[in-house]
Amino acid sequence: MKTNIGVFFGGRSTEHEISVISANQAMHAIDRDKYDVTPIYISKQGKYYTGDALFDIANYRDLPALLEKCTQVYMEPSYGDYNLYRVKKPMFGSAVLTTLDVVIPVLHGSNVEDGIFEGVLETIGIPYAGCNTLASANGMDKITMKMILRECGVPVIDYVWFTDKEWFKKRDEIIANIEEKIGYPVIVKPANLGSSVGIGRAADRAQLVEKIEVAEKYSSRLIVEHMVDNLKEINCSVLGDCDEYESSVLEEPIKSAEILSYEDKYMGGTKGAKGMQASQKRIPAELPEDVTERIRFLAGETFRVLGCHGVSRIDFIIDDDSKEIYVNEINTIPGSLSFYLWEATGLSFDKLMDRLVRLALKRKREQGQKTVSYDQNIFSLSGGAKGGVKGAKAPKR
């Protein structure tokens with residue numbers, strides 16, 4: 001029997017539609033002679049659906065009609081249960097629709113790429129490709145990501161961070177700290193979103209306040225970074241696990257404004273979004289060899305110190321004045337799974353998907369060799385149940 005891959009996409013995220021596009025590309029790239037594919041679409045309300053109609057991207061233009069053709073399903077949060085169950089159980093027969101062997105999440109943004117969905121998969125114990133809960137959470141949050149990278153000697157741009165509640169309580173203090181520590185111009189970002197959502201440039205105090213008030217609508221944690229005016233943006237993908245990985249060729253996205261916008265990334269100047277490969281870019285990026293190798297090294301270091309797995313994309317900024325190189329952010333589940341970078345490196349999309357499956361199964365085997373419980377029943381020990389925790393007395397009633 002062929003391995004059944006469950007591809008999860010959509011989700012309660014501002015990047016919902018981009019996830020649909022990326023997943024559709026990935027599902028069509030999987031070798032059907034080797035694998036079965038089960039699409040699982042997560043609606044914006046958090047409900048799961050499956051069905052063959054999900055394979056056709058044109059069907060998403062009329063979502064209610066699409067979901068009418070699909071079956072609503074769920075997974076039990078029980079360890080070892082890899083079944084996909086029908087929500088509406090049949091009068092006769094099994095409630096099990098199919099059984100998954102491995103999961104490939106193609107989910108972008110908050111509530112799905114930030115470790116929340118990965119935690120569900122960890123609870124079930126099913127093999128899955130991509131970063132685990134910890135790496136996903138750290139990679140998604142730009143603040144903790146930068147803290148970890150800086151601690152490990154990976155260069156990041158100077159920044160100030162704060163919460164939305166701190167902003168309302170001590171706005172003047174935060175503004176003064178930003179102006180003293182990094183100065184203008186700055187770039188304001190929600191800490192845990194991608195795809196350029198909620199991001200804005202500020203050249204003075206009035207613009208700073210305006211951009212922060214936009215960003216805080218999307219996230220409770222906010223980050224303000226020094227804005228490199230004369231910059232070059234470079235991206236590199238990394239594939240593997242944190243102990244054994246390889247870096248792709250580099251790309252230089254071409255932006256239409258000061259900041260690479262949502263439209264730049266996904267619309268590619270066309271009416272129909274086709275994912276990250278639709279955006280305009282130079283592949284490979286035109287850089288000196290020593291700069292290329294430095295960026296590829298830093299991409300691998302970022303992947304390693306964050307404990308990543310599967311395929312990620314690390315985005316860099318080069319200050320064309322100082323020639324300094326900085327890690328800007330990591331995308332633990334990149335748009336289009338960065339397949340276009342791997343094709344340029346010599347790995348076809350179907351082979352990339354095959355590698356992700358094998359990485360998922362390898363990690364599951366390695367996890368199976370670890371001790372996860374201590375084989376000792378403390379309740380059988382003398383006085384164990386009576387004495388309570390460390391001999392504490394039970395409260396009187």
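1. Glutamate 293 is partly exposed in this predicted model, its relative accessible area being 42%. Its side chain meets that of arginine 296 in a salt bridge, with 3.8 Å from N to O, and arginine 296 is likewise partly exposed, at a relative accessible area of 27%. Both residues belong to helix α10 (residues 289-305), where they stand 3 residues apart, so that about one helical turn separates glutamate 293 from arginine 296.

2. A salt bridge also joins lysine 362 to aspartate 241, and the closest N and O atoms of this pair are 3.0 Å apart. Because lysine 362 sits in helix α12 (residues 349-367) while aspartate 241 sits in strand β12 (residues 231-241), the pair ties together parts that are 121 residues apart in sequence.

3. How buried or exposed are the two partners of that bridge, lysine 362 and aspartate 241? Lysine 362 is partly exposed, with a relative accessible area of 23%, whereas aspartate 241 has a relative accessibility of 9% and therefore counts as buried, the cut-off for that term being under 20%.

4. Aspartate 315 and arginine 313 form a salt bridge through their side chains, at 2.8 Å from N to O. Here aspartate 315 and arginine 313 are both buried.

5. For the wider picture, the structure holds 20 salt bridges. Beyond the pairs discussed above, Lys34, Asp354 and Arg358 are linked with one another in a network of salt bridges.

Key
Residues are numbered from 1 along each chain as its sequence is written. This is a predicted model: local features need pLDDT of at least 70, side-chain atom pairs count only at pLDDT 80 or more; totals for chains, interfaces and linings use all residues. Side-chain values use heavy atoms; hydrogens and water are left out. A salt bridge is a side-chain nitrogen of Lys or Arg within 4 Å of a carboxyl oxygen of Asp or Glu. Helices (H or I, at least four residues) and strands (E, at least two) are DSSP runs, numbered from the N terminus. Buried means under 20% relative accessible area, exposed over 50%, partly exposed in between (1.4 Å probe, protein chains only).
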